[in-house]
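Work through the exercises below with the sequence and the coordinates at hand, trying each task before reading its solution.

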Amino acid sequence: MYSAYFYLTLNCCFSTGCAALLAQGLCCRPKEYPTRAGQCCPMCSEGTIVQRDCTSQSGTRCSRCKNGTFMNQPNGLDKCNTCTSCDSGHGLFVLQVCSETTDAVCEVIEGYFCKDLDVTGCSVAQKHTQCLPGERIKEPGK
């Protein structure tokens, strides 16, 4: 049942008949999220998540993301995202600290190069290898 409801919610929000479906509780306006009870509630803002859905007497109750977590967009979720860990043991350091509204950004420690770059900066680094006597650099790390 929930998956069918979810499909209808997504489908109606991209169609022109949303107003009629909204009256039936099947489609929510922008800045609202659908509840499992079939109503639309105001989204929580960045840095917060849903603690309790809205009711006919009260609005959505939101709670702040705790240390080590963040939420970077308005939402109807009940869990914050876990902050990226910039592990110095894996050749990374924190360029930008994680906050309630932004993830950490990692950068590469001197002597390492980035193997995997994503939206949080470098997520995997590898140590440069040392040339042995008689060897030379074929291709420098990036």
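## Exercises on a predicted model

In this protein, residues 24 or more positions apart account for 26% of the contacts that have a separation of 6 or more. The coordinates belong to a predicted model, and the exercises should be read with that in mind.

**Exercise 1.** Describe the secondary structure of the protein and the share of its residues that count as buried.

*Solution.* Begin with the elements: the protein has 2 helices and 10 strands, and from the N terminus on they run α-α-β-β-β-β-β-β-β-β-β-β. Turn next to burial, where 26% of the 142 residues count as buried. Finish with the accessible surface, which comes to about 10100 Å², with 55% of it belonging to carbon and sulfur atoms.

**Exercise 2.** Find how many salt bridges the whole structure holds, and determine which parts of the chain are tied together.

*Solution.* Start from the principle that side chains of opposite charge can pair when their charged atoms come close. A search of the whole structure then gives 1 salt bridge, and it is formed by Glu-100 and Arg-64, whose closest N and O atoms are 2.6 Å apart. Since Glu-100 lies in the loop between β7 and β8 while Arg-64 lies in strand β4 (residues 61-64), the pair ties together parts that are 36 residues apart in sequence. As for accessibility, Glu-100 is partly exposed at 28%, whereas Arg-64, with a relative accessible area of 54%, is exposed.

**Exercise 3.** Establish what surrounds Asp-103, and state where the nearest side chain of opposite charge is.

*Solution.* First place the residue: Asp-103 belongs to the loop between β7 (92-96) and β8 (105-108). Then examine its charge, for Asp-103 is buried yet has no salt bridge, and the nearest side chain of opposite charge, that of Arg-64, is 16 Å away. A salt bridge requires the nitrogen and the carboxyl oxygen to be within 4 Å. What the side chain of Asp-103 does have is a polar contact of 2.6 Å with the side chain of Thr-84. Beyond its neighbours within four places in sequence, Asp-103 is in contact with a set of residues including Phe-70, Gln-96, Cys-98 and Thr-120.

**Exercise 4.** Is Thr-84 buried, partly exposed or exposed, and which residues does Thr-84 touch?

*Solution.* Thr-84 sits in the loop between β6 (81-82) and β7, and its relative accessible area of 27% makes it partly exposed. Not counting residues up to four places away in sequence, Thr-84 touches Asp-103, Ala-104, Cys-106 and Thr-120. For Cys-106, the separation is 22 residues in sequence and 8.1 Å in space, taken C-alpha to C-alpha from Thr-84.

Key
Residues numbered from 1 in each chain as written. Predicted model: local features only at pLDDT ≥ 70, side-chain atom pairs only at ≥ 80, totals over all residues. Heavy atoms only, no water. Helix = DSSP H or I, 4+ residues; strand = E, 2+ residues; numbered from the N terminus. Buried < 20%, exposed > 50% of the residue type's maximum accessible area, 1.4 Å probe, protein only. Lys, Arg positive; Asp, Glu negative; His and termini not counted. Polar contact = N/O pair within 3.5 Å; in protein donor to acceptor, adjacent residues only side chain to side chain. Contact = heavy atoms within 4.5 Å. Areas by Shrake-Rupley, 256 points an atom, 1.4 Å probe, with all protein chains shown as cover.
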